[in-house]
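Subject: A structure for you to look at

Hi,

Here is the structure I promised to pass on to you. Have a look around it first, and then read on for my notes.

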Amino acid sequence: MSKRILIVDDAAFMRMMIKDILSKNGFEVVGEAADGLQAVEKYNELKPDLVTMDITMPEMDGIAALKAIKGSDPGATVIMCSAMGQQAMVIDAIQAGAKDFIVKPFQADRVIEAIQKALG
């Protein structure tokens with residue numbers, strides 16, 4: 001069975017790019033969210049195998065959403081997505097329980113490698 005993934009990013013274009021990469025590599029995208037609040041709701045509703053989480057978003061940022069998801073499901077697998085120059089936030093995210101991070105603009109092979117490693 002293919003792994004079920006929730007994509008979280010405030011930019012529709014970025015969600016579309018990740019969805020495209022994942023679909024072509026046999027993953028099932030079960031949902032999308034545009035901010036951290038939606039991410040937490042969708043996670044609890046869909047129980048995906050993995051979440052790709054943008055760091056900088058309105059309403060609730062990715063790190064707060066990561067902490068909320070980990071609070072309700074300590075076994076959650078989350079990979080953070082960040083633009084260059086957000087190293088401090090990436091460190092915060094890893095300390096909060098993120099499995100890995102991928103840098104924008106996305107490189108398909110790096111996205112798949114991170115996801116396979118996290119799900120490993």
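Below is what was found, going from the sheet to the salt bridges.

Please keep in mind that this is a predicted model. According to the unreviewed UniProt entry, residues 4-119 carry the annotation "domain: Response regulatory". Over that stretch, helix makes up 48% of the chain and strand 22%. The C-alpha atoms at its two ends are 11 Å apart.

**The sheet**

A good place to begin is the open sheet, which has 5 strands. In what order do the strands of this sheet lie? Going across, you meet S2-S1-S3-S4-S5, and the pairing is parallel. At the edges are S2 and strand S5 (100-103), each of which pairs on one side only. On average, neighbouring strands are turned by 20 degrees against each other, with direction ignored. As background, the strands of a sheet pair through backbone hydrogen bonds, and this can be parallel or antiparallel.

Now zoom in on one pair. Strand S1 (residues 4-8) and strand S2 (residues 28-33) run parallel and are joined by 5 bridges. To get from S1 to S2, the chain passes through helix H1 (residues 12-24), and this β-α-β crossover is right-handed. Two bridge partners are handy for finding the pair on your screen: Val8 goes with Ala33 in S2, and Ile5 goes with Val29 in S2. Helix H1 also packs on the sheet, where it touches S1, S2, strand S3 (50-54) and strand S4 (78-82). The direction of H1 makes about 170 degrees with that of S2.

**The salt bridges**

How many salt bridges does a search of the whole structure find? The search gives 8, and here are some of them.

Let's start with Glu32 and Lys19, whose side chains meet in a salt bridge at 3.2 Å, N to O. This pair links distant parts of the chain, since Glu32 sits in strand S2 and Lys19 in helix H1, 13 residues apart. Glu32 counts as partly exposed because its relative accessibility is 26%. Lys19 is partly exposed too, with a relative accessible area of 35%.

Asp20 and Lys24 form another salt bridge, and their closest N and O atoms are 3.1 Å apart. Both residues belong to helix H1, and because they are 4 residues apart, about one helical turn separates them. Asp20 is partly exposed, at a relative accessible area of 39%. Lys24, at 66% relative accessibility, counts as exposed.

Then there is Lys117, whose side chain meets that of Asp100 in a salt bridge at 3.6 Å, N to O. Which elements hold these two residues? Lys117 lies in helix H5 (residues 108-119) and Asp100 in strand S5, so their salt bridge ties together parts that are 17 residues apart in sequence. Is each partner buried or exposed? Lys117 has 56% relative accessibility and counts as exposed. Asp100 has 7%, and because buried means under 20%, Asp100 counts as buried. The pair also belongs to one network: salt bridges that share partners join Asp100, Arg110, Glu113 and Lys117.

If you would like a route through the model, try going from S1 through H1 to S2, then visit Glu32 and Lys19, and finish at Lys117 and Asp100.

Enjoy exploring, and write back with any questions!

Best wishes

Terms used. Residues numbered from 1 in each chain as written. Predicted model: local features only at pLDDT ≥ 70, side-chain atom pairs only at ≥ 80, totals over all residues. Heavy atoms only, no water. UniProt positions renumbered as here; feature names shortened; annotations may be inferred. Pairing = 2+ DSSP bridges. Right-handed = clockwise from strand over helix to strand, strands pointing away. Axes fitted to C-alpha atoms, helices over the stretch in contact; angles between N-to-C directions. Contact = heavy atoms within 4.5 Å. Salt bridge = Lys/Arg side-chain N within 4 Å of Asp/Glu carboxyl O. Buried < 20%, exposed > 50% of the residue type's maximum accessible area, 1.4 Å probe, protein only.
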